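Student: Hi! Please pick one part of this structure for a close look, and then work outward from there. I would like the geometry and the contacts residue by residue.

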Amino acid sequence: MRVVELAGIGPGPFAAMLLADLGADVVRVDRPGGPGLGIDPAYDVTNRNKRSVVVDLKTPHGPARVLDLAERADVLIEGYRPGVAERLGIGPEDCHARNPRLVYGRMTGWGQDGPLAQRAGHDVAYIALTGTLGMIGRPDEPPAVPANLLGDYAGGSLYLAVGVLAALYHARATGTGQVVDAAIVDGTAHLSAMIHGMLAAGGWQDRRAANLLDGGCPYYGTYETADGGYMAVGALEGRFYEEFLRLIDLENLAGAHKDWTRWGELRERVAARFKSRTRAEWTALFEGTDACVAPVLSLGEAPHHPHLVARGTFTAHGGITQPAPAPRFSATPTAVRTGPALPGADTGTVARDWGIPDLVNDDPVAGSD
């Protein structure tokens with residue numbers, strides 16, 4: 001599968017990385033000077049397993065080079081504001097005129113239409129409007145920002161990838177491509193489907209930290225340890241809850257499992273117990289049990305956890321420790337094949353492999369390939 005990625009930041013590049021991890025030939029079209037916001041390209045692992053060419057869309061030949069790529073591609077991904085690609089001459093109609101089978105994936109926060117479609121924004125604003133941000137955090141504090149994982153990557157990148165693959169299946173069955181409008185507001189709202197069902201059924205209160213899965217429940221949350229670390233507790237089912245209480249020597253609180261009037265007392269007793277030992281001591285105590293308790297690890301600690309080491313959940317490539325491709329496949333295993341694609345470094349090989357010699361002619365840095 002050939003994918004053209006028009007360079008951007010955040011969810012678009014991550015979706016393209018996911019496709020590249022799965023084996024797609026992803027060519028990233030970088031702009032001269034790089035994106036307006038980003039890290040050193042040598043460390044941007046979202047550009048691993050890709051190749052890069054540089055195209056200046058503001059030159060007379062720039063849009064034509066993108067259309068040349070689109071003509072030979074299965075998928076194109078862009079993350080401009082609505083209408084920008086059309087003004088540049090590389091919108092869906094322009095691309096489909098050259099390649100009717102193309103799947104044209106569009107990644108935005110607000111979507112291609114609606115009152116906010118033309119407004120600037122970032123993850124935190126998108127998830128704010130969907131109701132999901134308001135669910136996270138303590139009731140007496142502002143909502144807690146979950147990095148940009150919930151909106152950009154879960155509600156954005158993953159939905160774009162699923163949509164692109166579904167549209168590709170359709171294109172291969174019918175010979176007709178289409179546009180995939182992946183909006184972070186849509187995807188993030190969709191992620192809360194179960195919660196909305198519980199809300200409608202009266203099983204969820206529309207406020208923070210008042211429910212079974214949002215920190216309101218004392219046996220589903222985090223607790224500080226004696227050394228300033230934290231343990232995560234998820235002992236929801238009765239048998240796991242009983243095991244949890246037995247191990248922390250609070251079996252007299254078994255009746256508080258379904259009695260929410262006792263949850264305050266239960267929380268205080270559990271918190272006091274966790275404060276009596278270090279994170280390492282609690283980790284050792286819960287090791288090998290079904291109490292559903294785990295230490296809260298930092299980004300630097302996670303790659304060294306024995307389970308994640310055994311599974312190869314993290315990998316090192318080019319001196320950068322990073323998450324390995326996911327999910328796993330029995331017949332077609334994935335791997336980090338190459339490090340981050342440096343802007344323009346692959347113009348020559350892409351020009352050769354895709355049969356577009358003009359890419360080299362138009363790229364002033366192609367000679368370095």
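Tutor: Happy to. This is a predicted model, and a good place to begin is where helix α5 (residues 123–130) meets helix α7 (residues 184–191): their axes come within 9 Å and cross at roughly 50°. That angle makes α5 oblique to α7, and the crossing is right-handed. On the α5 side the contact is made by Tyr126, Ile127 and Thr130, which meet Ile184, Val185, Thr188 and Ala189 of α7. By residue class, this contact of α5 with α7 has five nonpolar residues, two polar and no charged.

Helix α7 has another partner, so to speak, in helix α6 (residues 149–174). Here the axes are 8 Å apart and the packing angle is about 100°, so α6 is roughly perpendicular to α7. From α6, the residues taking part are Leu150, Gly151, Asp152, Ala154, Gly155, Gly156 and Tyr159. Their counterparts in α7 are Ile184, Gly187, Thr188, His190 and Leu191. If you colour by residue class, the contact of α6 with α7 shows five nonpolar, six polar and one charged. It is worth selecting Ile184 and Thr188 in your viewer: both belong to the contact with α5, and both turn up in the contact with α6 as well.

Now look at the stretch of chain leading into α6. Ala147 sits in the loop between α5 and α6. For a torsion-minded reader, Ala147 stands out with a positive phi of about 50°, although it is not a glycine. Its relative accessible area is 47%, so Ala147 is partly exposed.

Two other backbone details can go on your list. Cys292, in the loop between α11 (279–286) and β9 (293–295), also has a positive phi, about 60° in this case, without being a glycine. At 34% relative accessibility, Cys292 counts as partly exposed. Then there is a cis peptide bond, running from Ala326 to Pro327, with omega near 0°; Pro327 lies in the loop between β11 (320–323) and α13.

Helix α13 is a handy bridge to the interior. The largest nonpolar core has 24 residues, and Leu69 and Leu76 are those with the most contacts inside it. At least two residues of this core come from each of β1 (2–6), β2 (25–30), α2 (62–72) and α13 (347–353). The largest share, four residues, is supplied by α2. As background, nonpolar side chains in soluble globular proteins tend to be buried together.

Let's take the two core residues with the most contacts in turn. Leaving aside residues up to four places away in sequence, Leu69 touches Val4, Val29 and Val53, and also Val350, Trp354, Ile356 and Leu359. Leu76 is in strand β4 (residues 75–78) and has a relative accessible area of 0%, so Leu76 is buried. With the sequence neighbours left out in that way, Leu76 touches Val4, Leu6, Val66, Ala70, Cys95, Leu102, Val103, Tyr104 and Gly105. Notice that Val4 is touched by Leu69 and by Leu76. Leu76 also has a long-range pairing to check in the viewer: Val3 is 73 residues away in sequence, yet its C-alpha lies 5.6 Å from that of Leu76.

From there, move on to His96 in helix α4 (residues 92–98). With the cut-off for buried set at under 20%, His96 counts as buried at 19% relative accessibility. Beyond residues up to four places away in sequence, His96 touches Leu102 and Tyr104, along with Gly177, Gln178 and Val179. Leu102 and Tyr104 are also among the residues that Leu76 touches, which gives you a path to trace from His96 to Leu76.

Finally, zoom out to see the setting. The protein has 14 helices and eleven strands, and its C-alpha trace spans about 75 × 45 × 40 Å along the principal axes. Of the 369 residues, 41% are buried. Among contacts with a separation of 6 or more, 63% join residues 24 or more positions apart; the approach of Leu76 to Val3 is one pair to keep in view, at 73 residues apart.

Definitions and conventions. Residues numbered from 1 in each chain as written. Predicted model: local features only at pLDDT ≥ 70, side-chain atom pairs only at ≥ 80, totals over all residues. Heavy atoms only, no water. Core = buried A, V, L, I, M, F, W, Y, C linked by side-chain atoms within 4.5 Å. Buried < 20%, exposed > 50% of the residue type's maximum accessible area, 1.4 Å probe, protein only. Contact = heavy atoms within 4.5 Å. Axes fitted to C-alpha atoms, helices over the stretch in contact; angles between N-to-C directions. Parallel < 35°, antiparallel > 145°, perpendicular 65-115°, else oblique. Left-handed = near helix turned anticlockwise from the far one by under 90°. Nonpolar A, V, L, I, M, F, W, Y, C, P; charged D, E, K, R; others polar.
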